[in-house]
Amino acid sequence: MPKAKIFNLMNEAVGELDLNPEVFGAEVNRALLYEAVRHHLAGLRAGTHATKTRDRVAGSGKKLWKQKGTGRARVGSVRSPIWRHGGTVHGPQPRDYSYRLNKKMIAGALRSALSDKLAENQLTVIDEFKLDTHKCKSFRTAIKAFEKGRTLLVVDLGENRNLSLSTRNLANVELRQARQVNAYELMLFDEVLISKAAIESLQEALAR
């Protein structure tokens with residue numbers, strides 16, 4: 001059974017936590033992680049790209065010359081796609097790129113990401129994020145000993161005002177609640193600091 005040491009914000013070991021092997025000892029499925037990342041990034045796309053069709057470009061809709069008798073090709077409008085400055089045919093239009101991914105696949109990818117973080121020694125369990133102040137400087141000092149990489153993901157169970165205020169202006173630090181954690185961000189950040197309450201909540205939700 002995988003285990004994790006529990007630290008306080010002074011980087012002192014205060015206990016040990018038994019982890020569910022189904023959640024933190026799962027085989028890392030790279031294909032499933034790829035699908036989860038692709039799904040997450042697709043949902044972030046704005047999809048606001050647009051080209052002007054013939055009904056949106058500037059120009060009169062008047063017929064340029066009569067249909068027959070001039071010897072020239074028939075033309076109905078200067079906004080025709082075959083004319084310079086005319087409309088675009090089959091160009092990109094606003095669309096939603098998000099798609100549905102099976103819940104079991106999302107949960108499986110999250111288990112793979114958590115197991116990989118634990119195996120790579122990039123996940124640290126904190127007893128609780130109990131802060132006396134909302135100042136960024138105090139939290140920066142507290143987490144300095146835990147940082148091994150350039151980016152840090154902080155995970156807590158619920159709303160924590162002091163934690164939220166003390167992390168929001170720190171570069172390369174993001175705060176998420178346990179219910180917001182996803183495989184993409186777990187792989188994106190170099191280090192993860194997670195509270196004991198949050199890790200127990202994740203274990204309960206992801207246990208098969």
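# Leu 118, the sheet and helix H2

Student: Which residues does Leu 118 touch, not counting those up to four places away in sequence?

Tutor: In this predicted model, Leu 118 touches Pro 2, Leu 19, Phe 24 and Leu 123. Each of these counts as a contact because heavy atoms lie within 4.5 Å. Leu 118 itself lies in helix H3.

Student: Why is Leu 118 called buried?

Tutor: The cut-off for buried is under 20% relative accessible area. Leu 118 has 19% relative accessibility, so Leu 118 counts as buried.

Student: What separates the C-alpha atoms of Leu 118 and Arg 56?

Tutor: They are 54 Å from each other, and the two residues are 62 residues apart along the chain.

Student: What makes a set of residues a nonpolar core, and how many residues has the largest one?

Tutor: The residues must be buried, of nonpolar kinds such as Leu, Ile and Phe, and joined through side-chain atoms within 4.5 Å. The largest such core has 30 residues, and those with the most contacts inside it are Phe 24, Leu 114, Leu 186, Ile 194 and Ile 199. H3 gives the largest share of this core, 6 residues. A second, separate core has 15 residues, including Leu 9, Phe 129, Leu 152 and Val 173. Nonpolar side chains tend to be buried together in soluble globular proteins.

Student: What is Ile 194 in contact with, leaving aside its neighbours within four places in sequence?

Tutor: Among its contacts are Leu 123, Thr 124, Val 125, Ile 126 and Val 155. Phe 129, Ile 199 and Leu 202 also touch Ile 194.

Student: What makes strand S6 mostly covered?

Tutor: Of its 5 residues, 5 are buried. Glu 191, Leu 193 and Ser 195 point one way from S6, while Val 192 and Ile 194 point the other way. That fits a general pattern: side chains of a regular strand alternate between the two faces of the sheet.

Student: How do you know that S6 pairs with S3 and with S4?

Tutor: Two strands pair if at least two bridges are found between them. S3 and S6 run parallel and are joined by 4 bridges, with Thr 124 opposite Leu 193 in S6. S4 and S6 are also parallel, over 4 bridges, and Val 155 stands opposite Ile 194 in S6.

Student: Why is the pairing of the sheet called mixed?

Tutor: Strands of a sheet may pair either parallel or antiparallel. S3 and S6 are parallel, whereas S1 and S2 are antiparallel over 5 bridges. In that antiparallel pair, Ile 6 is opposite Gly 15 in S2. The open sheet has 6 strands in the order S2-S1-S3-S6-S4-S5. S2 and S5 stand at the edges with a single partner strand each, so one side of each has no neighbour in the sheet. From one strand to the next, the twist averages 30°.

Student: Which helix lies across S1, S2, S3, S4 and S6?

Tutor: Helix H7, residues 196–206, does, running at about 90° to S6.

Student: How do you know that the span of helix H2 agrees with its number of residues?

Tutor: H2 covers residues 30–44, and at 1.5 Å a residue its 15 residues should span 21 Å. The end C-alpha atoms are 21 Å apart, which agrees.

Student: Why is Asn 29 said to cap H2?

Tutor: The limit for a polar contact is 3.5 Å. At the N-terminal end of H2, a side-chain oxygen of Asn 29 lies 3.2 Å from the backbone nitrogen of Ala 31.

Student: Which residues of H2 are buried, and what covers them?

Tutor: Leu 32, Leu 33, Ala 36, Val 37 and Ala 42 are buried. Helix H3 and helix H6 are among what covers the buried residues of H2.

Technical notes: Residues are numbered from 1 along each chain as its sequence is written. This is a predicted model: local features need pLDDT of at least 70, side-chain atom pairs count only at pLDDT 80 or more; totals for chains, interfaces and linings use all residues. Side-chain values use heavy atoms; hydrogens and water are left out. Helices (H or I, at least four residues) and strands (E, at least two) are DSSP runs, numbered from the N terminus. The expected span of a helix is 1.5 Å times one less than its number of residues. Buried means under 20% relative accessible area, exposed over 50%, partly exposed in between (1.4 Å probe, protein chains only). A polar contact is a pair of N or O atoms within 3.5 Å; within protein, one must be able to donate a hydrogen and the other to accept it, and residues adjacent in sequence count only if both atoms are side-chain atoms. Axes are lines fitted to C-alpha atoms, for helices over the stretch in contact, and angles run from 0 to 180 degrees between N-to-C directions.
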